[in-house]
Amino acid sequence: MKKRKSNKQENIVLFALLGILFICFIVIGILFFKNFYLGASSSKYGDRLDGIDKHTLSNTLSDDIASIYKDESSVNKTVIDIEGKIIYIIIDFKESIKVSNAQTLAIKSLDKIGEDNLKYYEVQFILTYSGSEENNNFPVFGSKNANSLKVVW
């Protein structure tokens, strides 16, 4: 008789622990669902693009920047890509050119973005070379932070 009573006590303790474990799994599941699935419907940038509507870029920005380089015989093509708050400017050179000259040419494109927008957007430069001569100086990468007026190469 005493043995039956201890088995009942053990079963009660076991069911209580299983209940606590089950409740923990439910709480973890709810938190997981709340944090990963309910938040997934918002923008992939979260709140990092707050205020971007105050800093609109021209619809013709790509054409404006390309027009700077159309008279440059050393420039093959330019590609402008805007991702969130980052403006990627890719300039491909078809002729061998000094890196310092290429950097100077690239910096000219900042005028078309506008001073107010340069304080909001990050600008990334990628300078490449696709000419037939050997040139180990390329690619060259540059970055202009929104908090700085200086381009770092």
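Okay, let's start with strand β4, where the side chains take turns: Val140, Gly142 and Lys144 point to one face and are buried, while Phe141 and Ser143 point to the other face and are not. Keep that alternation in mind while we walk through the rest. One caution before going on: this is a predicted model.

So who sits beside β4? On one side there's β3, and five bridges join β3 to β4, residues 140-144, with the two strands running antiparallel. You can find the pairs by eye. Val123 stands opposite Lys144 in β4, and Gln124 stands opposite Ser143. Lys144 also stands opposite Val151 in β5. β4 and β5 pair in the antiparallel sense too, over two bridges, and the hairpin that joins them goes through six residues.

Now stay with β3 for a moment. What does each of its faces hold? The covered face has Val123, Phe125, Leu127 and Tyr129, and the uncovered one has Glu122, Gln124, Ile126 and Thr128. Over towards β2, the sense of pairing is parallel, with eight bridges between β2 and β3. Val123 turns up here as well, as the bridge partner of Ile87. In case the words are new to you: strands of a sheet pair through backbone hydrogen bonds, and they can do it either parallel or antiparallel.

Let's put the sheet together. Five strands form an open sheet, in the order β1-β2-β3-β4-β5, and the pairing is mixed. Which strands are at the edges? Those are β1 and β5, residues 151-152, and each of them pairs on one side only.

Next, the helices. The protein chain has five helices and five strands in total, and if you read along the sequence you get α-α-β-β-α-α-α-β-β-β. Two of the helices are worth finding on the screen. α2 lies across β1 and β2, running at about 155° to β1. α3 lies across β2, β3, β4 and β5, and it runs at about 140° to β3.

That takes us to the core. The largest nonpolar core has 26 residues, and the ones with the most contacts inside it are Ile89, Ile91, Phe93, Ile113, Leu127 and Phe138. Helices and strands both chip in: α2 (61-69), β1 (75-83), β2 (86-93), α3 (99-107), α4 (110-113) and β3 (122-129) each supply at least two residues of this core. Pick Ile89 and look around. Leaving out its neighbours within four places in sequence, Ile89 is in contact with Ile65, Val79, Ile80, Ser109, Ile113, Val123, Gln124, Phe125 and Ile126.

Here's a little comparison I like, using two residues from one helix. Leu105 lies in α3, and Ile107 lies in α3 as well. Buried or exposed: where does Leu105 fall? Leu105 counts as buried because its relative accessible area is 8%, and the cut-off for buried is under 20%. Ile107 is at 35% relative accessibility, so it counts as partly exposed. Their contacts are worth a look too, again skipping residues up to four places away. Leu105 is in contact with Tyr69, Glu72, Ser74, Phe93 and Ile97. Ile107 touches Val151 and Trp153, and you'll remember Val151 from β5, opposite Lys144.

Now zoom out. Leu105 and Glu134 are 29 residues apart in sequence and 21 Å apart in space, C-alpha to C-alpha. For Ile107 and Leu14, which are 93 residues apart along the chain, the C-alpha atoms are separated by 71 Å. What radius of gyration does the chain have? The chain has 29 Å, whereas a compact globule of 153 residues would have a value near 15 Å. The box tells you about the outline as well: the C-alpha atoms fill roughly 100 × 40 × 25 Å along the principal axes.

A few whole-chain numbers to finish. Buried residues make up 25% of the 153 residues. The chain exposes about 11,000 Å², and carbon and sulfur atoms supply 56% of that. Finally, take the contacts between residues at least 6 apart in sequence: 57% of them join residues at least 24 apart.

Notes. Residues numbered from 1 in each chain as written. Predicted model: local features only at pLDDT ≥ 70, side-chain atom pairs only at ≥ 80, totals over all residues. Heavy atoms only, no water. Core = buried A, V, L, I, M, F, W, Y, C linked by side-chain atoms within 4.5 Å. Buried < 20%, exposed > 50% of the residue type's maximum accessible area, 1.4 Å probe, protein only. Contact = heavy atoms within 4.5 Å. Pairing = 2+ DSSP bridges. Axes fitted to C-alpha atoms, helices over the stretch in contact; angles between N-to-C directions. Rg over C-alpha atoms; globule rule 2.2 N^0.38 Å. Areas by Shrake-Rupley, 256 points an atom, 1.4 Å probe, with all protein chains shown as cover.
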